[in-house]
Amino acid sequence: MSRPRAWRRLGQEFFERDARALAPALLGTILASGSGPRFCAGRIVECEAYLSEGDPASHSFRGRTPRNAAMFARAGTAYVYAIYGMHLCFNVVSGARGVGEAVLVRALEPLIGLEWMRARRTVERERDLCRGPARLVEALAIERAHDGSSLLRGPLSLWSDGTRIAPRDIATAPRIGITRAAERELRFALRGSPWLSRPVR
DNA sequence: GGAATGATGTACT
DNA sequence: GTACATCATTCCG
């Protein structure tokens, strides 16, 4: 299966807002990788905002470094980084160019290319295919080489299939796995989705 | 140069 | 719930 014709690729203007606004807007949109028969896609059901100002949990908090350089690029750039020595995480850069903020994508509802996802990940339960930031990266074959690539033109892409998420269907919660600014509610999730990395209230 | 840390996942109790 | 695998990156001296 390949990409449905009705999908529309998200444009520059979609990404050009601060991370706190972009994160809930990303819910319901579709992240895709690969092409031809290897096309893979999943709907974003959970993500977290990492801000440019006053957010000690953000990689950009102490300024620009070689690792986080992509965070300071144009909105709509992919930021891919390694964590815990063995995993990668995928972010969507947001905001004005150079401010250093991004949205971490934490879980997808698998839509297309499930056979490829299963080939890359050995899971007992279908629901574990893309349930977690490092899991979805593996399922979609996202690599370090994708760091800094454009989501408007590059090998990874973001789409809308017309799905609109009502505000009441978006739950907010504290971000997961961080030690600083742990109380801030910058995690956004599709309420009731069975695909979340962890349930939300 | 060295130590500490981490936006995690898996296996096991 | 807890243990731990495993290493890039950062920060400090």
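Analyst: Start with a term. A polar contact is a pair of N or O atoms within 3.5 Å; inside a protein, one atom must be able to donate a hydrogen and the other to accept it. Keep in mind that this model is predicted.

User: Let me apply that to Ser33. Which backbone atom lies 2.7 Å from a polar atom of the Ser33 side chain?

Analyst: The backbone oxygen of Leu140. The distance of 2.7 Å falls within the 3.5 Å limit, so the pair can be read as a polar contact.

User: Is Ser33 buried or exposed?

Analyst: Buried is a matter of a threshold: under 20% relative accessible area. Ser33 has 4% relative accessibility, so Ser33 counts as buried.

User: What surrounds Ser33 beyond its sequence neighbours?

Analyst: Leave out residues up to four places away in sequence, and Ser33 touches Arg38, Phe39, Cys40, Leu140, Pro155 and Leu156. Sequence separation and spatial separation are two readings. Ser33 and Ser157 lie 124 residues apart in sequence, with their C-alpha atoms 6.6 Å apart.

User: Now the strand. Which side chains sit on each side of β2?

Analyst: Read a strand face by face. Strand β2 covers residues 30-33, and Ser33 belongs to it. Ile30 and Ala32 are on one side; Leu31 and Ser33 are on the other. These four residues are buried, and both faces are covered.

User: How many bridges join β2 to β3?

Analyst: Strands count as paired when DSSP finds at least two bridges between them. Four bridges join β2 to β3, residues 40-50, and the two run antiparallel. Ser33 stands opposite Cys40 of β3. Six residues lie between the strands of this hairpin, and Gly34 there has a positive phi near 75 degrees.

User: And how many to β7?

Analyst: Three bridges, again in an antiparallel pairing, link β2 to β7, residues 157-160. Leu31 faces Leu158 of β7.

User: Turn to the DNA. Which residues come closest to strand B?

Analyst: Tyr81, His87, Asn91, Ala134 and Arg135 are the closest, out of 21 residues around DNA strand B. Among the strand B atoms within 4 Å of the protein, 54% are sugar and phosphate.

User: Where in the fold does that surface come from?

Analyst: Sort the residues by element. β4 (78-83), β5 (87-93), β6 (102-112) and α4 (133-139) each give at least two residues. α4 has the largest share, with three. By class, the surface near strand B holds eleven nonpolar, seven polar and three charged residues.

User: What individual polar pairs involve strand B?

Analyst: Split them by DNA part. For phosphate, a side-chain N or O of His59 is 3.0 Å from a phosphate oxygen. A backbone N or O of Pro133 is 3.2 Å from a phosphate oxygen. For sugar or linking oxygen, Tyr50 places a polar side-chain atom 3.4 Å away.

User: Which residues are around strand C?

Analyst: Arg62, Thr65, Pro66, Arg67, Tyr84, Gly85, Met86 and Arg144. Three are nonpolar, two polar and three charged. Sugar or phosphate makes up 72% of the strand C atoms within 4 Å of the protein, and bases make up the rest.

User: Which parts of strand C do Tyr84, Gly85 and Arg144 approach?

Analyst: Tyr84 has a polar backbone atom 3.1 Å from a base oxygen. Gly85 has a polar backbone atom 3.3 Å from a sugar or linking oxygen. Arg144 uses its side chain: a polar atom lies 2.8 Å from a phosphate oxygen.

Key:
Residues are numbered from 1 along each chain as its sequence is written. Chains are lettered from A and ligands numbered from 1 in the order in which they are written. This is a predicted model: local features need pLDDT of at least 70, side-chain atom pairs count only at pLDDT 80 or more; totals for chains, interfaces and linings use all residues. Side-chain values use heavy atoms; hydrogens and water are left out. A residue is near a molecule or strand if one of its heavy atoms lies within 4 Å of it. Ala, Val, Leu, Ile, Met, Phe, Trp, Tyr, Cys and Pro count as nonpolar, Asp, Glu, Lys and Arg as charged, and the others, Gly among them, as polar. Buried means under 20% relative accessible area, exposed over 50%, partly exposed in between (1.4 Å probe, protein chains only). Contact means heavy atoms within 4.5 Å.
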